[in-house]
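This report examines a protein structure through its cores, helices and loops. Please consult the sequence and the three-dimensional view as you read.

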Amino acid sequence: MKQLFLQTFFCLSYFCLSGVYERAMAQKKLSIDQIMEGEKFIGYAPSRIFWAEDGSKVYFRWNPKQAPQGALYGVKIRDGKVVGTPEKISKNELANMPGRFGSYNKARTQKVYTQNGDVYWYKNGKIRQITHTTAQESNVSFSGDEKSLIYQQGNNLFEWSLDDGSLKQLTNFKSGNPKRNKKTNKQDQWLKDQQMVLMDVLKKRQKEQAFRKRNRRTPRPKRPKTIYLKGKYVNSLQLSPNKDFVTFRLSSYPDRKRTSVMQFITKSGYTNPVNQRPKVGSPQTSYAFGIFDLKANKVKMVDFDQLPGIYDLPAYYKEYGRKPDKKKARKVIPHSPIWSADGKKAVMVIRSQDSKDRWIVLLDASTGKLKLLNRQRNEAWIGGPGISWNFFMGNVGWMPDNQRVYFQSEKTGYSHLYTVNVNNGKTKALTQGKFEVTEAWISRDKKWWYLRTNEVHPGVYQVYKMPLKGGKRTQITTKTGFNNVTLSPDETQAAVLYSNTNTPPELYLMPNKAGAPAVKITDSRTTAFKQYSWLAPEIISFKARDGATVYARVYRPKNSPKQGKAAIFVHGAGYLQNAHKGWSTYDREYMFHNFLVQNGYTVMDIDYRGSRGYGRDWRTGIYRHMGGKDLTDNVDGAKVLVDRYNIDPNKIGIYGGSYGGFITLMAMFTTPDVFKAGAALRSVTDWAHYNHPYTNNILNTPVLDSIAYARSSPIYFAEGLKGALLMCHGMIDYNVQFQDIVRLSQRLIELRKERWELAVYPIERHSFVEPTSWADEYKRIFKLFEENLK
């Protein structure tokens, strides 16, 4: 009886959910089940491109045969031409390849790297294993004089001589506290003194012991000073090129409460709670930065109070009437120093933990003094391409003259490349304009810059070559879309990973010359994917209510009916770009939008405020108010659909995942007359329950800026729901945790709201994996739109 009931239940659920879309799809080529297979339907694109050390091959991850997982493939390159077709790398060849990542000597003729926790040395085409231990070696590099290898094992640095293989321990960091000698009380000291007066044998033995100690034939070798960590953790160990100093960072982890996510579907049959991240506003790790003087055998800690503006408070404090505390410096995150090629100077990047400041300073390792080279201040938060984001140092390094440091800054409103002279502090802009430099690196011959920018169009990324001093840029790549270049070791050839709006990334080879022809190496698309004529979305722009220019993708039926229906898709991640001319990372959504067009919908995909690719002010346009301009940009997009594309204002839906799910909730709760239906997927419902690194940048913390959280969290606006709302969430989502959607559901119940439903996915995390889950979710979205956008 029970089995019959379950079968009946599932059959009814299936036909109820599937009937609407199956009738609509009776004569269509695409099906939701098909497109939700993702890469299995599209094909697996090549990724992780790198060259053989001698330039004879291009390697990449690929899965053309649709195996359970991808593998490493390679294609031979001879005289700048592709020889043969890509082949899977054999286990034997893989075992004899040097590691992809590592450190080179100055001439780039030798390489050191770690693999499986051991150190390896690559020279003259041969690999030599240096360590073979159960410990984990890491952080390996050549010494400044290139006579030894420096690597980290555990908490300490070691030096291995290239000449004779001798090994030297450079540091001696130890956990815990130094042992303290117990102080002898007066009574015990009196008894000890009495013994020495009365017992001649004790006096004799004491003299003999002192004599032997003074006359040891073999003196004890000098050992590095023992540095006790006293409950802290050491990382970022680095030896200076002259071998005089070891710099290090100490981390103090606070005792803080963490969240827990419950796994309901397990092999054991029992539920399994999994500890996860703390919530925003929880106590944060504190950092200190030290310099170990190897010659003097002494340690000096760097005082960050010397940083200009370290006591400055953010502007939003005024809204709460808070006054600055001149005795309380802000906490910072210091990054390892970058030494000049001649080994004489070191530059550091330091970021304030409140994300308002970024300092680039010159470090005097002998004194611990810091000299300011550049201070970047943003009352919202420091970020942007090539600029530090929390624990990322950013694109910073030394120019070949050892007198200037390059870095990126949003000083003009867009991330551009600058240099600063460390002697006189003069700063020079190498690039400028209303575009962003997303990548910048110096050529091997130290004569050129290579840049990746979107100066042609906000959604087109090309690679350029520019003189080292700045000036005219020469465009290397030409195909419209996304171009990612990996140069050969001699920099004469370029492996290009290229995509456009309708074509997933494929690998090409071209000479490193302006406008040179590119030869296609891979074709990853499946036969099924190729058989469909995909609709190329139109890239448009429109004016937002505040006059800002907003970019969007529009998918439109060829014979769009008057007073038609439409859906707005809201991309996730906040800081992400999707209205571009490359292949979307939202590949399933791209195909779903084609599916919607087949069924008479117009679809708009907007790069709202906070999206990537449009500069500082666009990036920080959501500061202290998520669901503000980012939402009104989407509402203004709905108006464009009505005015420009003849869409019925009563037939507009909205959907999105993660940040897109959050915007969907804000839209349904605060602009209920604009959107008649919305699907919020894995959505943040209350920012006070999200993580610290992301949320603190934009909203500060709940305790310090409660106003920002109250106006940015959907749970406070749930009473405004009028339209039909679908919420979908994975139960083991470690990012936006299931608790988020449960709390909102309870709120909707208490508000006696009825036009909402929650679909849960017991085995899915933030990014769904199973095609069945994807298909179920998108069938529900289509059903929602079909039933409510009539």
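The sections below treat the cores, the helices, and then selected loop and strand residues.

The model is predicted, and for that reason local features need pLDDT of at least 70 and side-chain atom pairs count only at pLDDT 80 or more, while totals for chains, interfaces and linings use all residues. Residues are numbered from 1 along each chain as its sequence is written, and side-chain values use heavy atoms, with hydrogens and water left out.

## Nonpolar cores

A nonpolar core is a set of buried Ala, Val, Leu, Ile, Met, Phe, Trp, Tyr and Cys residues joined through side-chain atoms within 4.5 Å. Buried means under 20% relative accessible area, exposed means over 50%, and partly exposed lies in between, with a 1.4 Å probe and protein chains only. In soluble globular proteins, nonpolar side chains tend to be buried together.

The largest nonpolar core of this model has 63 residues, and M604 and W687 have the most contacts inside it. Helix α11 (residues 659–670) supplies the largest share of this core, namely eight residues. Helices (H or I, at least four residues) and strands (E, at least two) are DSSP runs, numbered from the N terminus. A second, separate core comprises 41 residues, including L30, I35, F41 and F529.

Which residues are in contact with M604, leaving aside its neighbours within four places in sequence? Contact means heavy atoms within 4.5 Å. The partners of M604 include I540, F542, A552, R553 and V554, as well as I568, F569, V640 and L641. Of these partners, V640 and L641 are also among the buried residues of helix α10.

## Helices

The expected span of a helix is 1.5 Å times one less than its number of residues. The table sets this value beside the distance from the first C-alpha to the last.

| Helix | Number of residues | Span, first to last C-alpha | Expected span |
|---|---|---|---|
| α5 (residues 186–198) | 13 residues | 18 Å | 18 Å |
| α10 (residues 629–645) | 17 residues | 23 Å | 24 Å |
| α15 (residues 771–788) | 18 residues | 26 Å | 26 Å |

At the N-terminal end of α5, N185 acts as a cap: a side-chain oxygen lies 3.2 Å from the backbone nitrogen of Q187. Such a polar contact is a pair of N or O atoms within 3.5 Å; within protein, one must be able to donate a hydrogen and the other to accept it, and residues adjacent in sequence count only if both atoms are side-chain atoms.

The buried residues of α10 include D630, L631, D633 and N634, together with A638 and Y645. Just after α10, N646 takes a positive phi of about 60°.

Helix α8 (residues 587–598) and helix α15 have axes that come within 12 Å and cross at roughly 35°. Axes are lines fitted to C-alpha atoms, for helices over the stretch in contact, and angles run from 0 to 180 degrees between N-to-C directions. The contact is made by R588, E589, F592, F595 and L596 of α8 and by W774, Y778, I781 and F782 of α15. In α15, these residues W774, Y778, I781 and F782 are buried.

## Loop and strand residues

K243 is placed in the loop between β15 (233–239) and β16 (245–252). With a relative accessible area of 24%, K243 is partly exposed. Leaving aside neighbours within four places in sequence, K243 is in contact with S143, D145, S148, E159 and L294. The C-alpha atoms of K243 and K295 are separated by 9.1 Å, although the two residues are 52 residues apart along the chain.

D293 belongs to strand β19 (residues 286–293) and is partly exposed, with a relative accessible area of 22%. D293 and K243 are 50 residues apart in sequence and 9.3 Å apart in space, C-alpha to C-alpha. A polar atom of the D293 side chain lies 3.1 Å from the backbone nitrogen of K295.

Is D79 buried or exposed? At 76% relative accessibility, D79 counts as exposed. D79 lies in the loop between β3 (71–78) and β4 (81–88), and its phi is near 55°, a positive value in a residue other than glycine. K446, in the loop between β30 (437–442) and β31 (448–457), likewise has a positive phi, of about 65°, although it is not a glycine. At 48% relative accessibility, K446 counts as partly exposed.
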